[in-house]
Amino acid sequence: LLVHIENASKLWKIIQDAGLYLLGQLPSHHNIAHRDLKLENWMYSSKKGDLLKLIDFGFSKQYDEKVPMTAVQGTVYYVSPEVMEGSYNNLCDIWSIGVIVYMLLSGSPPFAGDNDAEILTKIKKGVFTMEGRRWANVSEDAKDFIRMLLVPAETRPSADKASRIRG
């Protein structure tokens with residue numbers, strides 16, 4: 001789906017609102033981690049496109065905030081570094097939202113490679129760029145929002161805190 005919008009600030013507002021909507025829809029207030037957030041797991045409930053739903057809770061888990069989750073689950077491009085380490089909490093979903101917003105803005109994943117091993121190595125390093133033609137008209141607010149989410153779990157904001165950030 002390509003949308004032609006003349007004003008870059010309008011585009012950023014649409015994308016940021018979509019990201020905030022996703023953050024608001026995370027089931028974290030029920031202590032549930034989805035653990036497989038990706039573009040393919042968001043679907044409209046009807047052909048009218050009036051309600052976006054999060055689907056596929058096959059990897060989801062109700063968690064205890066005092067006990068880390070340990071099962072290595074998720075999809076390669078979207079998985080957070082701490083999931084690969086086997087000790088994580090619901091903030092793994094916030095990382096995935098950062099990847100989703102990055103992909104919506106650029107059309108490509110922040111951590112790409114020729115194979116899964118290469119992609120996972122890049123994710124563990126946590127180094128990504130936002131340079132080149134794809135990023136030329138993306139606002140610093142949009143880039144900062146992504147940078148805020150794609151950080152180590154210790155400094156990653158909760159869904160509630162991230163949803164309050166407005167550019």
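This report describes a group of aromatic residues, a buried serine and one pocket in a predicted model.

**Helix H3 and its buried residues**

Helix H3 covers residues 91-106 and contains Ser96. Trp95 is also part of helix H3. Trp95 has a relative accessibility of 2%, so it counts as buried, because buried means under 20%. Ser96, at 5% relative accessibility, counts as buried too.

The contacts of these two residues reach other parts of the chain. When neighbours within four places in sequence are left aside, Ser96 is in contact with Leu37 and Tyr78. With the neighbours within four places again left aside, Trp95 is in contact with Tyr78, Val79, Ser80, Pro81, Phe111, Ile123, Leu149, Leu150, Val151 and Arg156. Tyr78 therefore appears in the contacts of Ser96 and in those of Trp95. Leu37 lies 58 residues from Trp95 along the chain, and the C-alpha atoms of Trp95 and Leu37 are separated by 9.2 Å.

**Aromatic pairs**

The structure holds 4 aromatic pairs. Two of them are set out in the table.

| Pair | Distance between ring centres | Angle between planes | Arrangement |
|---|---|---|---|
| Trp95 and Phe111 | 5.6 Å | 10° | stacked |
| Phe111 and Phe128 | 5.8 Å | 80° | edge-to-face |

Trp95 and Phe111 count as stacked because their planes are at 10°, and the cut-off for stacking is under 30 degrees. Trp95 belongs to helix H3, whereas Phe111 belongs to the loop between H3 and helix H4 (116-125), so this pair ties together parts that are 16 residues apart in sequence.

Phe111 has a relative accessible area of 0% and is buried. Its planes with Phe128 are at 80°, so that pair is edge-to-face, the cut-off being over 60 degrees. Phe128 lies in the loop between H4 and helix H5 (140-149), while Phe111 lies in the loop between H3 and H4, so the pair ties together parts that are 17 residues apart in sequence. Phe128, like Phe111, is buried.

Trp95, Phe111 and Phe128 also belong to a wider arrangement: ring pairs link Trp95, Tyr102, Phe111, Phe128 and Trp135 into a cluster.

**The second largest pocket**

The volume of the second largest pocket is about 210 Å³. It is lined by 13 residues, and those closest to its centre are Tyr63, Glu65, Asn89, Asn90 and Leu91. Leu91 is also a residue of helix H3, whose range is 91-106. Sorted by class, the lining has 6 nonpolar, 5 polar and 2 charged residues.

Notes:
Residues numbered from 1 in each chain as written. Predicted model: local features only at pLDDT ≥ 70, side-chain atom pairs only at ≥ 80, totals over all residues. Heavy atoms only, no water. Helix = DSSP H or I, 4+ residues; strand = E, 2+ residues; numbered from the N terminus. Buried < 20%, exposed > 50% of the residue type's maximum accessible area, 1.4 Å probe, protein only. Contact = heavy atoms within 4.5 Å. Phe/Tyr/Trp six-rings, centres within 6.5 Å; stacked < 30°, edge-to-face > 60°. 1 Å grid on protein atoms, 1.4 Å probe; cavity = no way out; pocket = protein on both sides within 12 Å on 5 of 7 lines; lining within 4 Å. Points joined across faces, edges and corners; volume = space filled by probe spheres on them. Nonpolar A, V, L, I, M, F, W, Y, C, P; charged D, E, K, R; others polar.
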